[in-house]
Amino acid sequence: MSVKKYLLMLLMFCAAVSGSAQNKRDSRGAWIQCVNGQFEGLASQDMQRTLSYQLDELQKDGVNAIFFQVRAECDALYPSKYEPWSRFLSGKQGQAPSPYWDPLQWMITQCHQRGMELHAWVNPYRAKTKNTNELAASHIAIQHPDRVFPYDGLYILNPGIPENREYICKVVDDIVRRYDVDGIHMDDYFYPYPATGQVIPDDAQYKQYNNGITDRGDWRRYNVNLFIQQMHDSIQSIKPWVKFGVSPFGIYRNQSKDPNGSNTRGLSNYDALYADVLLWVNNGWVDYNVPQLYWQIGHPTADYETLIRWWSQHASKRHLYIGEDVERTVKYPDVKNANTHQQAAKYALHATLPNIDGTVLWYAKMAVDNPGNYATMLRQYYWKNPALQPSMPWLSKVAPKKVRRLKPMMMDHDYVLFWTEPNSGKNWATEATKYVVYRFAPDEKINIEDASHIVAITNDTFLKLPYVDGHTKYTYVVTALNRIQNESKITKKKIKL
């Protein structure tokens, strides 16, 4: 890219984000998948090195949530008593990594150290991908072949069998109980994507479990609805602060099928995948929804602008994050300016539409590779300032009490601000897990809604101060956050630096 074009992009980006750069609450995520084989057969240290580099770069970009794929085909990137180790980790299903380690626990620790949430990403029904040729003896398709069906080279846990619903919930419950995850995340694979010449073999299950539902499509949606509701309720019963979210295909329904659908002409969740996403959102069975809007503005059958406006209008009862394809965004020119790509136009839509609470990047490595300076724009403009996660009052409205004993001290030639955590009692919602530190110049009013004043979001109860000569008086404000980032009232201190 020429210097002239790069400067033009910078000017456009500045204009596009002028009204939104100070957004304090914004979920900024990235998917880290295993099914692309990026970790397969890597030595443990090499995989850790790869992940550490990605996390460091994503942290610089402003990312505050990671969606880490830990169950791609009824397998596990963590030690599980229910499912075998993933071949996408060790190279052979059922074989533990060597040297032995637990990637999920390691990722939780690494993300939390960087101030990021970690959502364990599971594929609910897929039991075998197309390129998997050998299953471990402990795999459910070997143990219970009657509970899966083949489809276009895949194996699918039959959603029409109630035992499969119980099984998936049992696997996820195990993750929630044993790991300090911030969320459970499911992708778009419910019933399989349609393939020419393939038929879903569920006649027997429909006959046995139809529950009086006379339409096969309605029955399949009913099966998935039961599963989503049960999953939500199960997670809430174990750890009520753990978020549950889904990432559906980008079209809910087309207007040709439903007058309330989008003006699009592509495959849809409702009709092809039997996923009634709006029902889940409207019933509060998910905490966030991340439709995969991977197309470009101007796509002939699935226009990005049409879809982002549709989702903003129809899916606002729970948080709406937009799944963004980094590579495709920079591949296509802006429809109004062919000299640049579509990032500026897409982020302008994010800023102006009322119900969008975040973004998730597909995918982490592509963002780190920085095509078209996509990540550069994140760290310099769009996500320059730190952001808290959007609040979820349906989980809890309770916040921690104020921090105590806010005081600066000189320690080994460093000026350090210390504080004491608030009393939490025995309620998870009043427990402080992070702290936000704000700084205001002498002529600035205290406004903690302006993210440009955030100097740190930290797990520590101290922060090194940028001492100069002790002549300028700044006001420092510290607040406490709980697990879902509800924020306490402020504690402030004037400090000469």
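The legends below describe close-up views of a predicted model.

**View 1. A salt bridge between strand 8 and strand 3.** Lys-243 and Glu-117 form a salt bridge in which the closest N and O atoms are 2.8 Å apart. Since Lys-243 belongs to strand 8 (residues 243-246) and Glu-117 to strand 3 (residues 117-122), the pair ties together parts that are 126 residues apart in sequence. Lys-243 is buried, because its relative accessible area of 3% falls under the 20% limit, and Glu-117, at 4% relative accessibility, likewise counts as buried.

**View 2. A salt bridge between helix 9 and the loop that precedes it in the numbering, between strand 8 and helix 9.** The side chains of Asp-271 and Arg-253 meet in a salt bridge, with an N to O distance of 2.8 Å. Asp-271 lies in helix 9 (residues 269-273), whereas Arg-253 lies in the loop between strand 8 and helix 9, and the two residues are 18 residues apart. Asp-271 counts as partly exposed at 24% relative accessibility, while Arg-253, at 14%, counts as buried.

**View 3. A salt bridge within helix 11.** Arg-309 pairs with Glu-305 in a salt bridge whose closest N and O atoms are 3.1 Å apart. Both residues lie in helix 11 (residues 304-314), where they are four residues apart, about one turn of the helix. An α-helix has 3.6 residues a turn, so residues three or four places apart point the same way. Arg-309 is partly exposed at 40% relative accessibility, and Glu-305 is also partly exposed, with a relative accessible area of 28%.

**View 4. A network of salt bridges.** Glu-57, Lys-60, Asp-61 and Arg-379 are joined into one network by salt bridges that share partners. In the model as a whole, the count comes to 26 salt bridges.

**View 5. Helix 6 and its buried residues.** Helix 6 (residues 162-178) has 17 residues, which at 1.5 Å a residue should span 24 Å, and the 25 Å between its end C-alpha atoms agrees with that expectation. The buried residues of this helix include the charged side chains of Arg-165, Asp-173 and Asp-174, and among the others are Tyr-167, Ile-168, Cys-169, Val-171 and Val-172.

**View 6. A positive surface patch.** Lys-473, Lys-492, Lys-494 and Lys-496 form a positive patch on the surface. Strand 18 (residues 491-496) gives the most to this patch, contributing three residues, and Lys-492 has its place in that strand. Lys-492 counts as exposed, because its relative accessibility of 54% is over the 50% limit.

Notes:
Residues numbered from 1 in each chain as written. Predicted model: local features only at pLDDT ≥ 70, side-chain atom pairs only at ≥ 80, totals over all residues. Heavy atoms only, no water. Patch = residues over 30% accessible without salt bridge, like charges linked within 9 Å, V, L, I, M, F, W, Y side chains within 5 Å. Areas by Shrake-Rupley, 256 points an atom, 1.4 Å probe, with all protein chains shown as cover. Salt bridge = Lys/Arg side-chain N within 4 Å of Asp/Glu carboxyl O. Charge placed at Lys NZ, Arg CZ, Asp CG, Glu CD. Buried < 20%, exposed > 50% of the residue type's maximum accessible area, 1.4 Å probe, protein only. Expected span 1.5 Å × (residues − 1).
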